[in-house]
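Please look first at the structure shown here, and then follow the description below, which takes up its sheets and then the helices beside them.

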Amino acid sequence: MEIIRPLKLGTISLPDSESRLVCRTILLDMLGEATITVEDGDLAGVTGLFWKHVDLSLATLYLPKTPLRLTAKGIGTPDIVMLRATDGPLIIHHRKHTFTLASRDVILLPADTSTDLVLPEGGRLDCAHLPHLATVPFRKSLDSLLLRRFQAECLPLQLLTNYAGYLLRQDNQDKDHASMMVAHFYSLLPVLAQQVKEDASPSDAPQNRVESMKALIEEKLADGSFSITDVAKHEGITPRAIQKIFSRTGTTFSRYVLERRLVLAKTLILADTVATPISQIVYSIGFNDLSYFNRTFRSRYGIRPTDLRRMTGQNEEA
């Protein structure tokens, strides 16, 4: 009887060079030839799990908890890859798109072209590789799922990640049992696609109203004059009602807008390759006071914007 076992990667004594080789070997079939740049330290001591089936490959890498960048060339075939980071945000540059994912959010990407991953806080990276031949029966569902960010709270997504976790944790699986679990994994893709379709339908449900307001905020982040009054007019409710809605989510309107602008600022600084003046970035995303931005950025991330830029190897410009 053929047995499938997860491969357990590394030990605390694994040196940097061997850790890099392990990571590159695991990622080769998933994302293509990859390089990893660590801003503070090296990859010594990387551990993880790798599980491979003809129709699905899974990997969990426990990378250093420090800013790092992973650049992969792609595998040249129309496979699909699912990615998530669990210890902090994940910034993805794919083709002409940039995606910023919160911790445990998931995205599905075509694996045929290059992808640049930035983990500002490092830590665990999960990856699932869906070969083209295995996805053919689900292409209609996958078309609606590609290049889309899924929040960790999405129930079908939780089921998918639970199946993946189950496969990674089982020390001994016969081939038939593994194939059955892989089939269950793929059967959830249409369920996830249906969830996407339902979320896109108009509704007056409170959660949909929150998402509507958040979508408007994302659209208007660059407008320094944007305020809660603008949202109230757009939603046809009072500013007080908006404050109550945000209060139920554990924050306030102003705090949420500030957090989104700070996240965007950090993303743009990390992604910038031409050393755009930080002040120009700040004013372009709705901040009207550079001193206020510097103060709140340092309070949020524990580092000054100029120091973050210096860590990326760019020339500092005010």
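Two strands are said to pair if DSSP finds at least two bridges between them, and the strands themselves (E, at least two residues), like the helices (H or I, at least four), are DSSP runs numbered from the N terminus. The model is predicted, so that local features need pLDDT of at least 70 and side-chain atom pairs count only at pLDDT 80 or more, while totals for chains, interfaces and linings use all residues. Residues are numbered from 1 along each chain as its sequence is written, and side-chain values use heavy atoms, with hydrogens and water left out.

One open sheet has five strands in the order β3-β6-β11-β8-β9, with antiparallel pairing. Because β3 (34-38) and β9 (97-101) stand at its edges with a single partner strand each, one side of each has no neighbour in the sheet. Within this sheet, β6 (residues 68-72) and β11 (residues 115-119) pair in the antiparallel sense over five bridges, and Leu70 has Leu117 in β11 as its bridge partner.

Another open sheet, also antiparallel in its pairing, is formed by seven strands in the order β2-β4-β5-β12-β7-β10-β13. Its edge strands, β2 (7-9) and β13 (149-150), each pair on one side only. Strands β7 (residues 80-85) and β10 (residues 106-110) are joined in the antiparallel sense over four bridges, and Val81 stands opposite Leu109 in β10.

Helix α4 (residues 155-169) lies across β4, β5, β7, β10 and β13, running at about 85° to β5; contact here means heavy atoms within 4.5 Å, and angles, from 0 to 180 degrees, are taken between N-to-C directions of axes fitted to C-alpha atoms, for helices over the stretch in contact. Helix α1 lies across β3, β6 and β11, at about 135° to β3.
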